[in-house]
Amino acid sequence: MTDPALWRGKKVFLTGHTGFKGAWMALLLRRFGASVYGYALPPTHRSSLFEAANVAGDIKQRLADIRDLGTLSAALSEAQPEIVIHMAAQALVRPSYEEPVETFATNVMGTVHVLEAARHLPSVRAVLIVTSDKCYENDGSQTAFREGDRLGGSDPYSNSKACAELVAHSYRRSFFAGSSAARIATARAGNVFGGGDWARDRLVPDAMQAFMDRQPLRIRNPNSVRPWQHALDPILGYLTLVERLMDDASFAEGWNFGPNAESEQPVRNVVEHLQALWGEGARWVSDDGPHPHEAAFLRLDCERARARLNWSPRLDLLGGLTLTVDWYKANQRGEDMRRLSLDQLERVLASDALNGTSQPVSETTRGLASASKAKSLT
């Protein structure tokens, strides 16, 4: 899969580095020896992964808005990167109903701005646009989406991500088509979780906040099925894709990065795992009030990434959730979160993908892991 040696000394321009996934990406890139230039809005939570792990100390950065083309172009020109990884986004479904204009401006025009700035920079060899598994037109069936399926989305967030895919396609065909042009790929990951995420209206951070406050977690759709995965799994896939993209134009297309089938679970099962891992004080209730529409089923077919990138998840659902709960508990205890975050990264890099199962990553959860494997959750 990923070859760390290929990243040593590479100049990488990373948007959204102050966000949850972006901060894990920045830590991983620096672990591999890349020179990282970050561009993003300031972090919004004092215990975000960006703040807790002191990501700013590892990189050069400019705190600015992706919607500001002039500032973005100047930052790219200053960085002179070989690789651009675009992760800056308004990343949540429910807030997109509250702020649709901001969502489209950030996710669609933000992508336009990144590609527009990159196409005028000769140093750029590869551009990765990170979108979402929700970019597909979801008709309510339980069929796993493949990369060639119809794009769409009813809510502003999902639709904006489909639009970002179309923007990437247009720029690829219109401005990056020559043999010497930079190559553009898009990446569509499942429902990610992990330490350092404090976004509201996302299941795992909502659960962690509720459990810390000793309040019941309110669940909107306990039977909704999602492809759950620890953030480091798709991030490693993104880097593998960029490596191939640098050498081969045939990789300039859309790619799914989702978990094994065993991790495509109803919300209820994930919450019960989290409740057992957290222990005392963890409880949840069903919230039956009126809510904006969200798809009941979402699954990804990742055969393209498995076959052509030799990529597969390193963590199963329980292994990823265990790392996540360990992170929030350690943060609550006031531990050294940079050290712990880097340790978790090393543990994931050292793990093996074994047909969708991983060894428990915490001694305290070995009993839970054994019980989980013995009980079908599908």
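Helices here are DSSP runs of H or I at least four residues in length, numbered from the N terminus. With that settled, hello everyone, and let's walk through this one together. Please keep in mind that the model is predicted.

Let me start with helix α1, which covers residues 20-31. Its 12 residues should span 16 Å at 1.5 Å a residue, and the end C-alpha atoms turn out to be 17 Å apart, so the two values agree. Is α1 enclosed by the rest of the structure or left open? It is largely enclosed, because 10 of its 12 residues are buried. Among those buried residues are F20, W24, M25 and a lysine, K21. After α1 comes G33, with a positive phi near 90°.

Staying with phi for a moment, here is some background. Most residues other than glycine have a negative phi. Now, which residue in the loop between α2 (49-52) and β3 (60-63) should we look at? That would be N54. N54 is not a glycine, yet its phi is positive, at about 50°. Its relative accessibility is 43%, so N54 counts as partly exposed. R214 is another non-glycine residue with a positive phi, near 55°. You'll find R214 in the loop between α7 (203-212) and β8 (217-219).

On to the rings. How many aromatic pairs does a search of the whole structure find? The search gives 10. One of them is F251 with W255, a stacked pair with 5.7 Å centre to centre and 10° between the planes. F251 is buried, at a relative accessible area of 8%, and W255 is buried too, at 0%. F251 also has a charged residue over its face: R308 lies 4.4 Å from the ring centre. A second case of a charge over a ring involves K329, whose charged end sits 5.1 Å from the centre of the W278 ring. Elsewhere, F13, Y37 and Y39 come together as one aromatic cluster.

The stacked pair leads us to A185, which touches both F251 and W255. A185 belongs to strand β6, residues 183-189. Is A185 buried or exposed? With a relative accessible area of 0%, A185 is buried. Beyond four places in sequence, its contacts also include V127, L128, I129, R172, L241 and L245. Take V127: along the sequence, A185 and V127 are 58 residues apart, but their C-alpha atoms are 6.5 Å apart in space.

Next, a polar side chain in a buried place. Q229 sits in strand β9, residues 225-230, and it is buried because its relative accessible area is 3%, against a cut-off of 20%. What does the side chain of Q229 reach? It reaches the backbone nitrogen of G190, at 2.7 Å. G190 is also on the list of residues in contact with Q229 beyond four places in sequence, along with A189, N191, V192 and F193. That same list includes P234, F257, G258 and P259.

A second buried polar residue is S158, in helix α6, residues 156-174. Its relative accessible area is 5%. The S158 side chain makes a polar contact with the side chain of D155, at 2.7 Å. Leaving out neighbours within four places in sequence, S158 is in contact with K134, C135, G152 and G153.

For a contrasting setting, look at Q275 in helix α9, residues 267-278. Q275 counts as partly exposed, at 24% relative accessibility. Further along or back in the sequence, Q275 has contacts with F211, A282, R283 and W284. If you'd like a sense of distance, Q275 and K10 are 265 residues apart along the chain, and their C-alpha atoms are separated by 42 Å.

Finally, a word on confidence. The protein averages a pLDDT of 90, and 91% of the residues score at least 70. Where does pLDDT stay under 50? That happens over residues 353-378. For that stretch the model has 39 contacts beyond four places in sequence.

So, if you open the structure after the meeting, two places to visit are the stacked F251 and W255 pair and the Q229 side chain at the backbone nitrogen of G190. Thanks for listening, everyone!

Technical notes. Residues are numbered from 1 along each chain as its sequence is written. This is a predicted model: local features need pLDDT of at least 70, side-chain atom pairs count only at pLDDT 80 or more; totals for chains, interfaces and linings use all residues. Side-chain values use heavy atoms; hydrogens and water are left out. Rings of Phe, Tyr and Trp (its six-membered ring) pair if their centres lie within 6.5 Å; planes under 30 degrees apart count as stacked, over 60 as edge-to-face and the rest as tilted. Buried means under 20% relative accessible area, exposed over 50%, partly exposed in between (1.4 Å probe, protein chains only). A charge sits over a ring if NZ of Lys or CZ of Arg is within 6 Å of the ring centre and within 35 degrees of the ring normal. Helices (H or I, at least four residues) and strands (E, at least two) are DSSP runs, numbered from the N terminus. A polar contact is a pair of N or O atoms within 3.5 Å; within protein, one must be able to donate a hydrogen and the other to accept it, and residues adjacent in sequence count only if both atoms are side-chain atoms. Contact means heavy atoms within 4.5 Å. pLDDT is the predictor's confidence in each residue, from 0 to 100. The expected span of a helix is 1.5 Å times one less than its number of residues.
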